[in-house]
Amino acid sequence: MARLTNDVEKHTALYVEAFNAGDVDAVNAMYTEDAVAVWEPGVPLTGQARTDSVRDFLSRGPRMTAVPRQSFVTDDTALLVVDWTIDTTDEKGDPEHLEGVGLDVLRRGADGNWRYAIDDPYGEK
């Protein structure tokens, strides 16, 4: 079950918790309906493609760490700058280490909780 928060400072920790648990539904619930994710530079995903990508990636049992570096909030919009790492396996089953600086735009919903509107883990590229 998704654990959402109205505290933007806690959003990243809850995301990492759901991600590391492999909870596809909880991870996907942390995105707005029209969210854009750019998990491969230059390849934005939305809708069912984004949802399916989460399911496929989490099926490999990845482990993530993420530490917010900066956060900026104005009304119902927030920008998070996040240092992250993921240890996983690639499509061939070989170990793979990923890392980057994410730029995430969150939107506060009518329920007061924050959700990703734009998730760009490779924001520095």
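How many residues make up the largest nonpolar core, and which of them have the most contacts inside it? Keep in mind as you click around that this is a predicted model.

**Stop 1: the core.** Select Tyr 15, Phe 19, Val 27, Ile 86 and Leu 106: within this core of 26 residues, they are the ones with the most contacts. Now colour by element of secondary structure. Two or more core residues come from each of helix 1 (8–20), helix 2 (24–29), strand 1 (31–40), helix 3 (47–58), strand 4 (77–89), strand 5 (95–108) and strand 6 (114–120). Helix 1 gives the largest share, six residues. As background, nonpolar side chains in soluble globular proteins tend to be buried together.

**Stop 2: helix 1.** Start at its N-terminal end, where Asp 7 acts as the cap: one of its side-chain oxygens sits 2.9 Å from the backbone nitrogen of Glu 9. Next, select the buried residues of the helix: Val 8, His 11, Thr 12, Leu 14, Tyr 15, Val 16, Ala 18, Phe 19 and Asn 20. After the helix comes Gly 22, with a positive phi near 70 degrees.

**Stop 3: Tyr 15.** Pick this one out of helix 1 and show what surrounds it. Leaving out residues up to four places away in sequence, Tyr 15 touches Val 27, Met 30, Tyr 31, Met 64, Tyr 116 and Asp 119.

**Stop 4: Thr 32.** Hop over to strand 1, where you'll find Thr 32. Is Thr 32 buried or exposed? Its relative accessibility is 11%, and because the cut-off for buried is under 20%, Thr 32 counts as buried. Turn on side chains and look for the polar contact between the side chains of Thr 32 and Asp 34, at 3.0 Å. Beyond its neighbours within four places in sequence, Thr 32 is in contact with Arg 107, Arg 115, Tyr 116 and Ala 117. Tyr 116 should ring a bell, since Tyr 15 touches Tyr 116 too.

**Stop 5: the largest pocket.** Switch to a surface view. The largest pocket holds about 660 Å³ of space. To find its centre, select Trp 39, Phe 57, Ile 86, Leu 98 and Pro 121, which lie nearest to it among the 28 lining residues. Which element gives the most to this lining? Helix 3 does, with five residues. At least two apiece come from helix 1, strand 1, helix 3, strand 3 (63–74), strand 4, strand 5 and strand 6.

**Last stop: the annotated range.** Select residues 13–115, which an unreviewed UniProt entry annotates as "domain: DUF4440". This stretch is 25% helix and 52% strand, with its end C-alpha atoms 13 Å apart.

Notes: Residues numbered from 1 in each chain as written. Predicted model: local features only at pLDDT ≥ 70, side-chain atom pairs only at ≥ 80, totals over all residues. Heavy atoms only, no water. Core = buried A, V, L, I, M, F, W, Y, C linked by side-chain atoms within 4.5 Å. Buried < 20%, exposed > 50% of the residue type's maximum accessible area, 1.4 Å probe, protein only. Helix = DSSP H or I, 4+ residues; strand = E, 2+ residues; numbered from the N terminus. Contact = heavy atoms within 4.5 Å. UniProt positions renumbered as here; feature names shortened; annotations may be inferred. Polar contact = N/O pair within 3.5 Å; in protein donor to acceptor, adjacent residues only side chain to side chain. 1 Å grid on protein atoms, 1.4 Å probe; cavity = no way out; pocket = protein on both sides within 12 Å on 5 of 7 lines; lining within 4 Å. Points joined across faces, edges and corners; volume = space filled by probe spheres on them.
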